[in-house]
Amino acid sequence: MTISTTAYNRKNKAAGVKIWAVAFWLIVWQLVAMAIKQEILLVSPVSMLERWMELVSEADFWRRVAFSSVRILEGLVLGVTLGSVFGVLASRFSYVRDLMTPLISVIRAIPVASFIILALAWVSEKSLSAFISFMICFPVFYTNVLNGAKSVDQSLVEMARVFKLGAVKRFRYIFVPAVFPYLKTAFNVSVGLAWKSGTAAELITVPTGSIGELLHQAKIFLETADNLAWAFTIILLSLLFEGVCRGVLYLIERILKGR
């Protein structure tokens, strides 16, 4: 497990965002906006940031952030829970794996926009973002937990049986260390997808009090600064969610290593 986790951390560090790269693209954005000189087409990052600061000072901004965050978090938590549970069951029982395979394939194949329109017949507009986030995250966690279970060293399993370790200890000391790196990868992939799919659902269905409602209005009235300011907000929220998830996973990893 130590080798896999170390390799994973190195990969993440290598793939991290560099400050100079961000600065380069911000300068390019500023120059392009200055060259176009049409804010209806593209506002500068300075204008976007000014508009974002105005939005942050309004109480409605935080109400909408809370509205969308709670629902997307609900979908993420449900996707983590059920995806992990069914992943474990599929690794243990072949008939569960056979039943889940066509369902996972269908979920992955259907475009998000089509999925949103179909789901409107089953779920209310206010709950749709949670449902879509769940449906996007579920196959990611299911697949990663299943792959992690497949990576379990069978010699360790046999040794545990020889020494008559109970099911709980086998799960704790063999299964969890093998699956944990895959679970970390699933979180890194799913948080961004949850926000993308959740806000897309809000943009299409326009539930009252959501971020998607104002994104929809900004599109109709060609308010480019508002559009980019809300997009910037979504990016920040996604990064915040990722940071919290990484912090929790880091603590769990330290606990596992300590024991």
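In this predicted model, helix H3 tucks away Pro45, Ser47, Met48, Arg51, Trp52 and Leu55 as its buried residues. Looking down the axis of H3, these buried residues fall within an arc of 160 degrees, so they line one face of the helix. As for length, H3 has 12 residues and reaches 16 Å from its first C-alpha to its last, close to the 16 Å expected at 1.5 Å a residue.

Next comes the question of what sits inside. The largest nonpolar core has 37 residues, and Leu76, Phe141, Phe187, Trp195, Ile211 and Trp230 are those with the most contacts inside it. Helix H3 turns up here again: along with H4, H7, H8, H9, H10 and H11, H3 supplies at least two residues of this core. The largest share, 11 residues, comes from H9. Apart from this core lies another one, of 11 residues, with Met100, Ile104, Phe134 and Leu146 among them.

Trp195 is worth a closer look. Leaving aside residues up to four places away in sequence, Trp195 touches Ser68, Ser69, Ile72, Ile211, Ile234, Leu237, Ser238 and Phe241. Both Trp195 and Phe241 are buried.

That brings up the aromatic rings, and the structure holds 12 aromatic pairs. A pair of aromatic rings is described by the distance of the centres and the angle of the planes. For Phe86 and Phe138, the ring centres are 6.1 Å apart and the planes sit at 75 degrees, so this pair is edge-to-face. Phe86 belongs to helix H4 and Phe138 to helix H7, so the pair links distant parts of the chain, 52 residues apart. The two partners are not equally hidden: Phe86 is partly exposed, at 30% relative accessibility, whereas Phe138 is buried, with a relative accessible area of 5%. Trp195 and Phe241 also form an edge-to-face pair, at 5.4 Å centre to centre and 80 degrees between the planes. Since Trp195 lies in helix H9 and Phe241 in helix H11, this pair ties together parts that are 46 residues apart in sequence. Elsewhere, Phe86, Phe134, Phe138 and Tyr142 form one aromatic cluster.

Finally, the cysteines. A search of the whole structure turns up zero disulfides. Cys137 is in no disulfide, and the nearest cysteine sulfur belongs to Cys245, 9.6 Å away. Seen from the other side, the closest cysteine sulfur to that of Cys245 is in Cys137, and 9.6 Å is too far for a bond. Cys137 counts as buried at 1% relative accessibility, and Cys245 counts as buried at 15%.

Terms used:
Residues numbered from 1 in each chain as written. Predicted model: local features only at pLDDT ≥ 70, side-chain atom pairs only at ≥ 80, totals over all residues. Heavy atoms only, no water. Core = buried A, V, L, I, M, F, W, Y, C linked by side-chain atoms within 4.5 Å. Buried < 20%, exposed > 50% of the residue type's maximum accessible area, 1.4 Å probe, protein only. Helix = DSSP H or I, 4+ residues; strand = E, 2+ residues; numbered from the N terminus. Contact = heavy atoms within 4.5 Å. Disulfide = S-S within 2.5 Å. Expected span 1.5 Å × (residues − 1). Arc of directions from axis to C-beta. Phe/Tyr/Trp six-rings, centres within 6.5 Å; stacked < 30°, edge-to-face > 60°.
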